[in-house]
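Biologist: Could you take one part of this structure and walk me through it closely? I'm in my first year, so please keep it plain and link each step to the next one.

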Amino acid sequence: MNKAVIGLQWGDEGKGKIVDYLSEDYDLVVRYQGGNNAGHTVIVDDNTYKLNLIPSGVIRGKICFLGQGVVLDPNHFYNEYNQISKKIKNPKVFLSSNISLILDYHKHLDRINERILNTKNKIGTTSKGIGPAYQDKVGRKSIKLHDLKSKEVIQEKLKSIKKFYDPILESFDESKINIDQTVHDLFIFYELVKELIIDNSLVKKEFKDKKILFEGAQGALLDLDHGSYPFVTSSNTVSSNIVIGSAFQVDYQTVGIFKAYATRVGNGPFPSELFDNVGEYIAEKGLEIGTVTKRKRRCGWLDLVSLKYSCEINQVKELCMTKADVLNNLSEIKVCKSYNKMKYDEVNFNESNILESLSLDDKDFEVFPSWGEIKNLSNFETLPENLKKFILYIENYLNIPIKIISLGPERSQTIIR
Ligand code: IMP
(Lines give C-alpha, C1' and ligand atoms only; values in the text may rest on other atoms or scores of the structure.)
Protein backbone atom coordinates (compact mmCIF):
# COMPACT_ATOMS: atom_id res chain seq x y z
CA MET A 1 0.00 0.00 0.00
CA ASN A 2 1.27 3.49 -0.82
CA LYS A 3 1.79 5.72 2.19
CA ALA A 4 1.67 9.44 2.94
CA VAL A 5 3.58 11.12 5.76
CA ILE A 6 1.68 14.24 6.81
CA GLY A 7 2.62 16.77 9.51
CA LEU A 8 -0.26 17.27 11.95
CA GLN A 9 0.95 20.45 13.66
CA TRP A 10 2.59 23.64 12.40
CA GLY A 11 5.35 21.85 10.48
CA ASP A 12 8.75 20.66 11.73
CA GLU A 13 7.34 17.42 13.16
CA GLY A 14 10.30 15.39 11.91
CA LYS A 15 8.94 14.26 8.55
CA GLY A 16 12.43 14.20 7.01
CA LYS A 17 13.71 11.53 9.39
CA ILE A 18 10.57 9.41 9.15
CA VAL A 19 10.42 9.58 5.35
CA ASP A 20 14.07 8.51 5.27
CA TYR A 21 13.25 5.66 7.66
CA LEU A 22 10.12 4.44 5.84
CA SER A 23 11.48 4.92 2.32
CA GLU A 24 13.43 1.67 2.64
CA ASP A 25 10.21 -0.15 1.70
CA TYR A 26 9.22 2.13 -1.21
CA ASP A 27 10.48 2.69 -4.77
CA LEU A 28 9.45 6.27 -5.27
CA VAL A 29 9.22 9.25 -2.88
CA VAL A 30 7.02 12.14 -4.01
CA ARG A 31 6.61 15.77 -2.91
CA TYR A 32 3.34 17.35 -4.01
CA GLN A 33 3.16 20.85 -2.50
CA GLY A 34 5.20 23.67 -0.99
CA GLY A 35 8.67 24.75 -2.00
CA ASN A 36 11.93 25.56 -0.31
CA ASN A 37 10.04 27.01 2.64
CA ALA A 38 10.29 23.44 3.96
CA GLY A 39 13.50 22.15 5.47
CA HIS A 40 14.77 18.87 6.88
CA THR A 41 17.94 17.88 8.61
CA VAL A 42 18.44 14.12 8.39
CA ILE A 43 21.28 12.41 10.23
CA VAL A 44 22.43 9.02 8.95
CA ASP A 45 25.53 7.53 10.57
CA ASP A 46 28.03 10.40 10.64
CA ASN A 47 26.46 12.29 7.75
CA THR A 48 24.11 15.24 8.06
CA TYR A 49 21.87 15.96 5.08
CA LYS A 50 20.08 19.29 4.73
CA LEU A 51 17.19 19.19 2.28
CA ASN A 52 14.51 21.68 1.32
CA LEU A 53 12.97 20.44 -1.91
CA ILE A 54 14.31 16.98 -2.56
CA PRO A 55 12.52 14.26 -0.55
CA SER A 56 14.72 12.56 2.02
CA GLY A 57 14.24 9.20 0.22
CA VAL A 58 17.14 10.40 -1.95
CA ILE A 59 19.53 9.39 0.85
CA ARG A 60 18.65 5.70 0.38
CA GLY A 61 19.02 6.04 -3.39
CA LYS A 62 15.25 5.98 -3.97
CA ILE A 63 13.67 7.69 -6.98
CA CYS A 64 12.40 11.12 -5.94
CA PHE A 65 9.80 13.09 -7.81
CA LEU A 66 8.57 16.65 -7.37
CA GLY A 67 5.00 16.89 -8.59
CA GLN A 68 3.20 19.77 -10.24
CA GLY A 69 1.87 21.12 -6.93
CA VAL A 70 5.38 22.11 -5.87
CA VAL A 71 6.70 25.62 -6.52
CA LEU A 72 10.35 25.53 -7.49
CA ASP A 73 13.06 28.15 -7.12
CA PRO A 74 15.50 27.26 -9.93
CA ASN A 75 18.65 28.52 -8.18
CA HIS A 76 17.74 26.85 -4.96
CA PHE A 77 16.94 23.55 -6.64
CA TYR A 78 20.12 23.55 -8.64
CA ASN A 79 22.29 24.22 -5.57
CA GLU A 80 20.50 21.59 -3.51
CA TYR A 81 20.81 19.04 -6.30
CA ASN A 82 24.52 19.79 -6.60
CA GLN A 83 25.07 19.51 -2.87
CA ILE A 84 23.29 16.17 -2.66
CA SER A 85 25.19 14.89 -5.73
CA LYS A 86 28.41 15.35 -3.76
CA LYS A 87 27.13 12.96 -1.08
CA ILE A 88 24.93 10.55 -3.03
CA LYS A 89 26.15 9.05 -6.28
CA ASN A 90 23.77 9.78 -9.18
CA PRO A 91 20.76 10.94 -7.16
CA LYS A 92 17.55 9.93 -8.92
CA VAL A 93 15.57 13.16 -8.81
CA PHE A 94 12.85 14.05 -11.33
CA LEU A 95 10.65 17.09 -11.83
CA SER A 96 7.17 17.36 -13.28
CA SER A 97 7.17 19.55 -16.39
CA ASN A 98 4.09 21.26 -14.98
CA ILE A 99 5.84 22.72 -11.91
CA SER A 100 5.45 26.50 -11.45
CA LEU A 101 8.63 28.46 -10.89
CA ILE A 102 9.53 30.92 -8.15
CA LEU A 103 11.40 33.88 -9.62
CA ASP A 104 13.18 36.75 -7.90
CA TYR A 105 10.22 39.11 -8.17
CA HIS A 106 8.16 36.63 -6.10
CA LYS A 107 10.63 37.06 -3.25
CA HIS A 108 10.42 40.85 -3.60
CA LEU A 109 6.62 40.65 -3.53
CA ASP A 110 6.76 38.37 -0.47
CA ARG A 111 8.74 41.10 1.32
CA ILE A 112 6.32 43.81 0.19
CA ASN A 113 3.33 41.79 1.39
CA GLU A 114 4.86 41.56 4.83
CA ARG A 115 5.90 45.24 4.89
CA ILE A 116 2.38 46.54 4.26
CA LEU A 117 0.84 44.59 7.15
CA ASN A 118 0.84 46.03 10.63
CA THR A 119 2.80 44.15 13.30
CA LYS A 120 -0.21 42.23 14.57
CA ASN A 121 -1.15 40.98 11.12
CA LYS A 122 2.28 40.07 9.74
CA ILE A 123 2.37 36.40 8.71
CA GLY A 124 6.07 35.92 9.37
CA THR A 125 6.67 34.07 6.08
CA THR A 126 9.93 32.38 5.20
CA SER A 127 10.52 35.13 2.55
CA LYS A 128 11.08 32.48 -0.13
CA GLY A 129 8.42 33.89 -2.46
CA ILE A 130 6.00 31.02 -1.82
CA GLY A 131 2.76 33.03 -1.50
CA PRO A 132 3.35 35.21 -4.59
CA ALA A 133 4.41 32.17 -6.66
CA TYR A 134 1.15 30.38 -5.82
CA GLN A 135 -0.73 33.65 -6.45
CA ASP A 136 0.68 33.63 -10.00
CA LYS A 137 -0.25 29.98 -10.43
CA VAL A 138 -3.85 30.67 -9.46
CA GLY A 139 -3.76 33.88 -11.51
CA ARG A 140 -2.60 31.88 -14.57
CA LYS A 141 0.65 33.79 -14.94
CA SER A 142 3.20 31.20 -13.79
CA ILE A 143 6.20 30.24 -15.83
CA LYS A 144 6.17 26.45 -15.84
CA LEU A 145 9.14 24.15 -16.28
CA HIS A 146 7.85 23.09 -19.70
CA ASP A 147 7.89 26.74 -20.83
CA LEU A 148 11.67 26.78 -20.52
CA LYS A 149 12.06 24.85 -23.78
CA SER A 150 11.42 28.08 -25.65
CA LYS A 151 13.05 31.46 -25.05
CA GLU A 152 10.16 33.09 -26.92
CA VAL A 153 7.57 31.61 -24.60
CA ILE A 154 9.44 32.76 -21.50
CA GLN A 155 9.94 36.22 -22.99
CA GLU A 156 6.28 36.58 -23.93
CA LYS A 157 5.07 35.52 -20.49
CA LEU A 158 7.55 37.81 -18.76
CA LYS A 159 6.37 40.81 -20.78
CA SER A 160 2.88 40.67 -19.29
CA ILE A 161 4.22 39.75 -15.84
CA LYS A 162 6.43 42.84 -16.00
CA LYS A 163 3.55 45.08 -17.00
CA PHE A 164 1.52 43.76 -14.11
CA TYR A 165 4.12 43.85 -11.35
CA ASP A 166 6.66 46.56 -12.21
CA PRO A 167 4.44 49.42 -10.97
CA ILE A 168 4.09 47.67 -7.59
CA LEU A 169 7.77 46.74 -7.35
CA GLU A 170 8.80 50.28 -8.26
CA SER A 171 6.50 51.93 -5.77
CA PHE A 172 8.05 49.85 -2.98
CA ASP A 173 11.63 50.49 -4.13
CA GLU A 174 12.19 46.86 -5.13
CA SER A 175 14.07 46.00 -8.35
CA LYS A 176 11.93 45.85 -11.47
CA ILE A 177 11.77 42.68 -13.59
CA ASN A 178 14.73 42.34 -15.95
CA ILE A 179 13.39 40.29 -18.85
CA ASP A 180 16.70 39.68 -20.67
CA GLN A 181 18.50 38.58 -17.53
CA THR A 182 15.64 36.33 -16.42
CA VAL A 183 15.34 34.67 -19.84
CA HIS A 184 19.11 34.14 -19.90
CA ASP A 185 19.19 32.62 -16.39
CA LEU A 186 16.18 30.39 -16.99
CA PHE A 187 17.59 29.10 -20.23
CA ILE A 188 20.89 28.17 -18.57
CA PHE A 189 18.94 26.47 -15.79
CA TYR A 190 16.92 24.52 -18.35
CA GLU A 191 20.05 23.28 -20.10
CA LEU A 192 21.38 22.03 -16.75
CA VAL A 193 18.26 20.19 -15.58
CA LYS A 194 16.38 19.21 -18.74
CA GLU A 195 17.28 15.53 -18.26
CA LEU A 196 15.43 15.56 -14.94
CA ILE A 197 12.16 16.95 -16.30
CA ILE A 198 9.38 14.47 -17.07
CA ASP A 199 6.51 15.54 -19.23
CA ASN A 200 3.44 15.51 -17.03
CA SER A 201 1.52 13.31 -19.44
CA LEU A 202 4.19 10.60 -19.07
CA VAL A 203 4.49 10.61 -15.29
CA LYS A 204 2.13 7.70 -14.62
CA LYS A 205 3.66 5.59 -17.38
CA GLU A 206 7.19 6.39 -16.26
CA PHE A 207 6.51 5.31 -12.67
CA LYS A 208 4.05 2.50 -13.35
CA ASP A 209 3.69 -0.09 -10.57
CA LYS A 210 6.04 1.76 -8.24
CA LYS A 211 5.31 1.65 -4.52
CA ILE A 212 4.97 5.31 -3.54
CA LEU A 213 5.71 7.19 -0.35
CA PHE A 214 4.29 10.74 -0.37
CA GLU A 215 6.14 13.34 1.66
CA GLY A 216 4.01 16.22 2.93
CA ALA A 217 5.62 19.58 3.61
CA GLN A 218 4.70 21.99 6.45
CA GLY A 219 1.80 20.84 8.65
CA ALA A 220 -1.98 20.51 8.56
CA LEU A 221 -2.53 23.59 10.73
CA LEU A 222 -0.72 25.66 8.08
CA ASP A 223 -3.06 24.42 5.34
CA LEU A 224 -4.41 27.25 3.18
CA ASP A 225 -8.03 26.13 3.54
CA HIS A 226 -8.06 24.18 6.80
CA GLY A 227 -5.41 25.99 8.85
CA SER A 228 -5.28 29.15 10.93
CA TYR A 229 -5.90 31.51 8.00
CA PRO A 230 -4.37 34.01 7.27
CA PHE A 231 -1.46 32.63 9.32
CA VAL A 232 -0.91 29.72 6.95
CA THR A 233 1.25 28.81 4.01
CA SER A 234 -0.11 29.20 0.48
CA SER A 235 -0.62 25.55 -0.42
CA ASN A 236 -2.86 22.73 0.76
CA THR A 237 -0.77 20.67 3.11
CA VAL A 238 -3.48 18.08 3.84
CA SER A 239 -3.33 14.60 2.35
CA SER A 240 -6.25 15.13 -0.04
CA ASN A 241 -4.01 17.43 -2.09
CA ILE A 242 -1.81 14.45 -3.00
CA VAL A 243 -3.76 13.46 -6.09
CA ILE A 244 -3.84 17.04 -7.33
CA GLY A 245 -0.27 18.03 -6.57
CA SER A 246 1.43 14.80 -7.58
CA ALA A 247 -0.50 13.65 -10.67
CA PHE A 248 -0.84 10.15 -9.16
CA GLN A 249 -4.46 9.00 -8.80
CA VAL A 250 -3.64 6.19 -6.39
CA ASP A 251 -4.78 4.96 -2.98
CA TYR A 252 -2.57 5.56 0.01
CA GLN A 253 -2.69 5.28 3.78
CA THR A 254 -1.86 8.34 5.85
CA VAL A 255 0.64 8.33 8.68
CA GLY A 256 0.10 11.46 10.74
CA ILE A 257 3.25 12.70 12.39
CA PHE A 258 3.43 14.90 15.49
CA LYS A 259 5.96 16.00 18.08
CA ALA A 260 5.34 15.13 21.75
CA TYR A 261 5.05 18.90 22.26
CA ALA A 262 4.10 21.71 19.89
CA THR A 263 6.08 24.36 18.01
CA ARG A 264 5.27 27.12 15.61
CA VAL A 265 7.46 29.47 13.55
CA GLY A 266 5.92 32.69 12.36
CA ASN A 267 2.82 34.36 13.71
CA GLY A 268 -0.69 33.15 14.42
CA PRO A 269 -2.69 31.52 17.20
CA PHE A 270 -1.01 28.88 19.35
CA PRO A 271 -3.35 28.01 22.25
CA SER A 272 -0.92 25.82 24.25
CA GLU A 273 2.12 28.10 23.84
CA LEU A 274 4.49 28.34 26.81
CA PHE A 275 5.94 31.72 27.73
CA ASP A 276 8.00 30.53 30.70
CA ASN A 277 11.32 28.82 31.25
CA VAL A 278 9.79 25.41 30.42
CA GLY A 279 9.15 26.73 26.90
CA GLU A 280 12.73 28.03 26.77
CA TYR A 281 14.02 24.66 27.97
CA ILE A 282 12.08 22.74 25.30
CA ALA A 283 13.33 25.14 22.58
CA GLU A 284 16.93 24.65 23.68
CA LYS A 285 16.85 20.91 24.28
CA GLY A 286 14.81 20.25 21.13
CA LEU A 287 17.06 22.50 18.99
CA GLU A 288 13.91 24.33 17.93
CA ILE A 289 15.41 26.73 15.47
CA GLY A 290 13.96 27.02 11.94
CA THR A 291 15.99 25.05 9.36
CA VAL A 292 15.08 27.57 6.65
CA THR A 293 15.02 30.95 8.39
CA LYS A 294 17.02 30.18 11.57
CA ARG A 295 14.21 31.80 13.54
CA LYS A 296 13.57 30.54 17.06
CA ARG A 297 10.45 28.38 17.12
CA ARG A 298 7.70 29.15 19.62
CA CYS A 299 7.19 26.14 21.91
CA GLY A 300 4.24 24.80 23.90
CA TRP A 301 2.58 21.66 25.22
CA LEU A 302 1.11 19.06 22.90
CA ASP A 303 -2.35 20.25 21.86
CA LEU A 304 -4.66 17.25 21.47
CA VAL A 305 -7.66 19.36 20.47
CA SER A 306 -5.97 20.59 17.30
CA LEU A 307 -4.27 17.23 16.78
CA LYS A 308 -7.65 15.51 16.70
CA TYR A 309 -8.82 18.02 14.11
CA SER A 310 -5.71 17.37 11.99
CA CYS A 311 -6.26 13.61 12.17
CA GLU A 312 -9.81 14.09 10.93
CA ILE A 313 -9.00 16.36 8.01
CA ASN A 314 -6.19 14.06 6.88
CA GLN A 315 -8.03 10.77 7.47
CA VAL A 316 -5.10 9.59 9.54
CA LYS A 317 -5.04 5.81 10.11
CA GLU A 318 -1.79 5.54 12.06
CA LEU A 319 0.38 7.92 14.00
CA CYS A 320 4.05 8.62 14.47
CA MET A 321 5.22 10.51 17.55
CA THR A 322 8.62 12.19 17.59
CA LYS A 323 10.91 13.87 20.13
CA ALA A 324 9.38 12.72 23.44
CA ASP A 325 13.04 12.39 24.52
CA VAL A 326 13.24 16.21 24.61
CA LEU A 327 10.81 16.12 27.57
CA ASN A 328 12.72 13.40 29.54
CA ASN A 329 14.00 15.55 32.35
CA LEU A 330 11.05 17.83 32.94
CA SER A 331 9.48 17.31 36.39
CA GLU A 332 6.03 17.18 34.82
CA ILE A 333 4.74 16.97 31.26
CA LYS A 334 1.38 18.37 30.20
CA VAL A 335 -0.94 17.84 27.27
CA CYS A 336 -3.77 20.18 26.36
CA LYS A 337 -7.04 18.22 26.23
CA SER A 338 -9.62 21.03 25.96
CA TYR A 339 -9.88 24.73 25.29
CA ASN A 340 -11.43 26.80 28.08
CA LYS A 341 -12.74 23.83 30.06
CA MET A 342 -14.52 22.24 27.13
CA LYS A 343 -16.31 25.41 26.15
CA TYR A 344 -14.62 24.65 22.87
CA ASP A 345 -13.66 21.03 22.39
CA GLU A 346 -12.84 21.39 18.76
CA VAL A 347 -10.88 23.75 16.58
CA ASN A 348 -12.60 26.40 14.57
CA PHE A 349 -9.87 28.08 12.60
CA ASN A 350 -12.40 30.11 10.68
CA GLU A 351 -12.54 32.23 13.76
CA SER A 352 -8.88 32.61 14.61
CA ASN A 353 -9.87 35.49 16.90
CA ILE A 354 -11.53 32.90 19.16
CA LEU A 355 -8.33 30.89 19.26
CA GLU A 356 -6.33 33.97 20.10
CA SER A 357 -8.62 34.92 22.95
CA LEU A 358 -8.53 31.51 24.64
CA SER A 359 -7.16 31.44 28.15
CA LEU A 360 -6.39 27.87 29.09
CA ASP A 361 -6.20 26.89 32.75
CA ASP A 362 -5.20 23.79 34.73
CA LYS A 363 -8.43 21.97 33.90
CA ASP A 364 -7.54 22.09 30.22
CA PHE A 365 -4.40 20.01 30.77
CA GLU A 366 -3.63 16.40 31.68
CA VAL A 367 -0.44 16.20 33.71
CA PHE A 368 2.08 13.34 33.55
CA PRO A 369 4.97 12.74 35.96
CA SER A 370 8.53 12.73 34.64
CA TRP A 371 9.69 9.57 32.85
CA GLY A 372 13.38 10.38 33.19
CA GLU A 373 16.11 9.17 30.83
CA ILE A 374 15.12 6.54 28.27
CA LYS A 375 17.77 3.85 28.69
CA ASN A 376 16.40 1.08 26.53
CA LEU A 377 14.53 1.78 23.35
CA SER A 378 14.52 -1.68 21.87
CA ASN A 379 10.72 -1.79 21.88
CA PHE A 380 7.61 -0.23 23.39
CA GLU A 381 7.66 -2.55 26.41
CA THR A 382 11.14 -1.43 27.48
CA LEU A 383 10.17 2.26 27.60
CA PRO A 384 9.74 3.96 31.03
CA GLU A 385 6.26 3.30 32.52
CA ASN A 386 5.36 7.01 32.65
CA LEU A 387 6.23 7.49 29.00
CA LYS A 388 4.06 4.49 28.10
CA LYS A 389 1.16 6.06 30.03
CA PHE A 390 1.68 9.32 28.11
CA ILE A 391 1.60 7.45 24.78
CA LEU A 392 -1.47 5.39 25.69
CA TYR A 393 -3.32 8.51 26.85
CA ILE A 394 -2.74 10.19 23.45
CA GLU A 395 -3.78 7.07 21.55
CA ASN A 396 -6.90 6.80 23.61
CA TYR A 397 -7.80 10.48 23.14
CA LEU A 398 -7.34 10.28 19.36
CA ASN A 399 -8.50 6.69 18.98
CA ILE A 400 -5.69 6.04 16.49
CA PRO A 401 -2.66 3.80 17.14
CA ILE A 402 0.81 5.33 17.51
CA LYS A 403 2.75 2.87 15.38
CA ILE A 404 6.07 4.70 15.13
CA ILE A 405 7.90 6.32 18.04
CA SER A 406 11.01 8.32 17.23
CA LEU A 407 13.26 9.12 20.18
CA GLY A 408 16.28 10.72 18.54
CA PRO A 409 17.62 11.76 15.15
CA GLU A 410 19.28 8.42 14.24
CA ARG A 411 17.50 5.69 12.30
CA SER A 412 18.25 3.30 15.16
CA GLN A 413 16.35 5.53 17.62
CA THR A 414 13.01 4.46 16.17
CA ILE A 415 10.48 2.01 17.61
CA ILE A 416 7.92 0.32 15.39
CA ARG A 417 4.91 -1.21 17.18
P1 IMP B 1 5.45 30.86 3.73
O2 IMP B 1 5.14 29.41 3.49
O3 IMP B 1 6.89 31.20 3.56
O4 IMP B 1 4.54 31.77 2.98
O5 IMP B 1 5.14 31.17 5.30
C6 IMP B 1 3.84 31.14 5.84
C7 IMP B 1 3.85 30.58 7.27
O8 IMP B 1 4.18 29.19 7.22
C9 IMP B 1 4.89 31.22 8.19
O10 IMP B 1 4.37 31.22 9.50
C11 IMP B 1 6.06 30.25 8.11
O12 IMP B 1 6.88 30.32 9.26
C13 IMP B 1 5.32 28.93 8.03
N14 IMP B 1 6.09 27.86 7.38
C15 IMP B 1 6.30 27.71 6.07
N16 IMP B 1 7.01 26.60 5.84
C17 IMP B 1 7.24 26.02 7.03
C18 IMP B 1 7.89 24.80 7.44
O19 IMP B 1 8.41 24.02 6.64
N20 IMP B 1 7.90 24.57 8.78
C21 IMP B 1 7.30 25.38 9.67
N22 IMP B 1 6.67 26.50 9.34
C23 IMP B 1 6.64 26.82 8.03
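Modeller: Let's start with Cys-311, which is buried, with a relative accessible area of 5%. Keep in mind that this is a predicted model. What is the closest cysteine sulfur to the one in Cys-311? That sulfur belongs to Cys-320, and it sits 12 Å away, so it is too far for a bond. To count as a disulfide, two cysteine sulfur atoms have to lie within 2.5 Å.

Now try Cys-64. Cys-64 is buried too, at 0% relative accessibility. The closest cysteine sulfur is again in Cys-320, but here the gap is 19 Å, so a bond is ruled out by distance. A search of the whole structure comes back with 0 disulfides.

From there, let's go to the space inside. The count comes to 1 cavity of 30 Å³ or more, and the largest cavity holds about 30 Å³ of space. Which residues line the largest cavity? They are Gln-9, Trp-10, Ala-262, Leu-302, Asp-303, Ser-306 and Leu-307. Strand β13 (298-303) and helix α10 (304-314) each give at least two residues to that lining. Sorted by type, the lining has 4 nonpolar residues, 2 polar ones and 1 charged one.

What about charged residues elsewhere? Side chains of opposite charge can pair when their charged atoms come close. How many salt bridges turn up in a search of the whole structure? There are 25.

Asp-20 is a good one to follow, since it takes part in a salt bridge with Arg-60, where the closest N and O atoms are 4.0 Å apart. This pair links distant parts of the chain: Asp-20 is in helix α1 (residues 15-22), while Arg-60 is in the loop between β4 (47-51) and β5 (63-66), 40 residues apart. Asp-20 also meets Arg-411 in a salt bridge, at 2.8 Å from N to O. Arg-411 lies in the loop between β17 (402-406) and β18 (414-416), so its pairing with Asp-20 in α1 ties together parts that are 391 residues apart in sequence.

Is Asp-20 buried or exposed? Asp-20 is buried, with a relative accessible area of 1%. Its partners are another story: Arg-60 counts as partly exposed at 23%, and Arg-411 is partly exposed at 26%. Those two labels make sense because buried means under 20% relative accessible area and exposed means over 50%, with partly exposed in between.

Here's another pair to look up. Lys-176 and Glu-170 form a salt bridge, with their closest N and O atoms 3.8 Å apart. Lys-176 is partly exposed at 45%, and Glu-170 is partly exposed at 46%. Salt bridges can also join up into a network, as they do for Asp-12, Lys-259, Glu-288, Arg-297 and Lys-323.

To finish, turn to helix α9 (residues 277-285). Gly-279, Ile-282 and Ala-283 are buried in this helix. Where do they sit around α9? Looking down the axis, the buried residues fall within an arc of 100 degrees, so they line one face of the helix. On the other side of α9, Asn-277 and Glu-284 are exposed. Try turning the model until you look straight along α9, and pick out the buried face and the exposed pair across from it.

Notes. Residues numbered from 1 in each chain as written. Predicted model: local features only at pLDDT ≥ 70, side-chain atom pairs only at ≥ 80, totals over all residues. Heavy atoms only, no water. Salt bridge = Lys/Arg side-chain N within 4 Å of Asp/Glu carboxyl O. Helix = DSSP H or I, 4+ residues; strand = E, 2+ residues; numbered from the N terminus. Buried < 20%, exposed > 50% of the residue type's maximum accessible area, 1.4 Å probe, protein only. 1 Å grid on protein atoms, 1.4 Å probe; cavity = no way out; pocket = protein on both sides within 12 Å on 5 of 7 lines; lining within 4 Å. Points joined across faces, edges and corners; volume = space filled by probe spheres on them. Nonpolar A, V, L, I, M, F, W, Y, C, P; charged D, E, K, R; others polar. Arc of directions from axis to C-beta.
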